[in-house]
Amino acid sequence: MTTKRVLVTGGAGFISSNFIHHLLAKTPYEVVSLDALTYAGNLENLSGVMSHERLSFVHGDIRDADLVRDVVSEVDVIVNAAAESHVEKSIAEGAREFVTTNVEGTQILLDAIREAPVERFILISSSEVYGTAERAPMDEEHPLNPRSPYAATKAGADRLAYAYHVTYGLPIVIVRPFNNYGPRQHPEKAIPRFITQALRDEPLTVHGDGHASRDWLYVDDDAEAIEAVIAAPIDAVAGEVLNVATGIDIPVDDIADLVLDALGKSGSLKSYVTERPGQVDRHVGSTEKMERLTGWRAGTSFEAGVARTISWYRDNEAWWREILQSETQHVSSS
Ligand SMILES: NC(=O)c1ccc[n+]([C@@H]2O[C@H](COP(=O)([O-])OP(=O)(O)OC[C@H]3O[C@@H](n4cnc5c(N)ncnc54)[C@H](O)[C@@H]3O)[C@@H](O)[C@H]2O)c1
């Protein structure tokens with residue numbers, strides 16, 4: 001494996017921080033991370049590797065074209081994962097930051113590689129671009145019917161990246177991960193929310209009747225998948241869209257039960273709240289193309305992944321309590 005310099009945007013967030021831990025442990029790559037440290041970015045996520053000799057961290061915004069040009073000129077591979085990532089925030093607080101970071105930020109990075117070519121550019125898109133499954137499993141040809149402002153901005157960035165490949169012949173790969181879970185995920189997202197609610201003996205809030213199902217991907221499996229996309233022959237993957245999925249979907253209600261069971265808590269802690277507007281009913285991804293083009297398939301069962309995730313939240317209570325506390329302060333002062 002040859003050494004490459006890999007720019008990972010959004011490195012202090014959930015997926016990118018796990019990916020950076022993975023790259024430093026399992027590959028000889030040098031890693032540069034660019035992160036604006038929004039409410040979702042947490043340098044604690046990189047504790048233990050911040051002073052690693054193969055990691056450099058740049059505090060900055062992907063919407064800053066001058067900075068992006070400088071950073072991009074120094075790297076071989078880009079993994080663009082920086083984003084506003086929370087569906088409910090895009091509904092409740094408006095889409096502005098989602099449009100500027102997710103779409104305009106991607107455009108600024110894409111324009112930077114027109115000036116300073118890279119070996120490959122991997123856009124971390126999302127399965128949310130598909131909307132509710134019209135067929136199962138959903139393959140990469142499934143229509144794009146994004147159902148939330150977040151999902152629409154991801155679809156915009158996804159198609160913009162594709163257009164830059166077609167128009168300018170740039171080596172771009174579009175990756176659509178399904179729902180990730182695992183250590184270091186902000187407690188606003190479903191699985192860590194359930195775990196941290198159960199650990200505090202607070203009600204586990206399930207939207208609607210909890211029937212909405214997702215294809216749940218353990219974050220270390222996602223890290224291996226992105227590494228496989230970096231390693232694949234570029235001619236095999238340039239211009240392609242690749243689902244990163246397990247091929248199995250599980251309803252949200254079952255997850256609440258699993259978490260309560262694993263923590264020995266009463267089922268009465270489950271509480272049903274109003275259905276989320278723009279809810280996606282069912283998501284399950286086809287794994288065939290990703291396996292055919294890169295050889296990757298998910299290796300972690302849902303039960304094993306959830307058990308590891310619960311252990312991590314149990315062992316890192318200070319990490320999530322601090323986030324919850326800063327949110328309470330934010331709400332009470334705003
Ligand atoms: N979490 C999932 O289940 C999932 C599934 C599919 C795709 N994705 C995509 O994967 C990527 C990572 O998701 P995540 O859950 O780790 O997100 P996250 O919210 O945990 O992390 C996002 C990171 O991006 C940084 N960031 C935000 N705006 C920025 C900007 N303008 N410039 C630079 N940095 C900025 C934040 O500080 C944060 O560190 C996103 O593109 C998301 O859309 C996530």
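Let me start with the ligand: 31 residues surround it, and Gly10, Gly13, Ala40, Gly41 and Ala83 come nearest. Near here means that a residue's C-beta atom, placed from the backbone, lies within 6 Å of the molecule. This is a predicted model, where local features need pLDDT of at least 70, side-chain atom pairs count only at pLDDT 80 or more, and totals for chains, interfaces and linings use all residues. Residues are numbered from 1 along each chain as its sequence is written.

Back to the ligand shell. Two or more residues each come from α1 (14-26), β2 (30-35), α4 (96-115) and β7 (179-181); helices (H or I, at least four residues) and strands (E, at least two) are DSSP runs, numbered from the N terminus. The largest share, three residues, is from α1.

Next, the sheet. Seven strands form an open sheet in the order β3-β2-β1-β4-β5-β6-β11, with parallel pairing, and strands pair if DSSP finds at least two bridges between them. β3 (55-59) and β11 (241-244) are at the edges with a single partner strand each, so one side of each has no neighbour in the sheet. β2 and β3 pair over five bridges, and Asp35 has His59 in β3 as its bridge partner.

Last, two helices. The axes of α9 (residues 252-262) and α11 (residues 302-315) come within 11 Å and cross at roughly 55 degrees. Axes are lines fitted to C-alpha atoms, for helices over the stretch in contact, with angles from 0 to 180 degrees between N-to-C directions. Leu258, Val259 and Ala262 of α9 make the contact with Val306, Ala307 and Ile310 of α11, contact meaning C-beta atoms, placed from the backbone, within 7 Å.

Terms used: Two residues are in contact if their C-beta atoms, placed from the backbone, lie within 7 Å.
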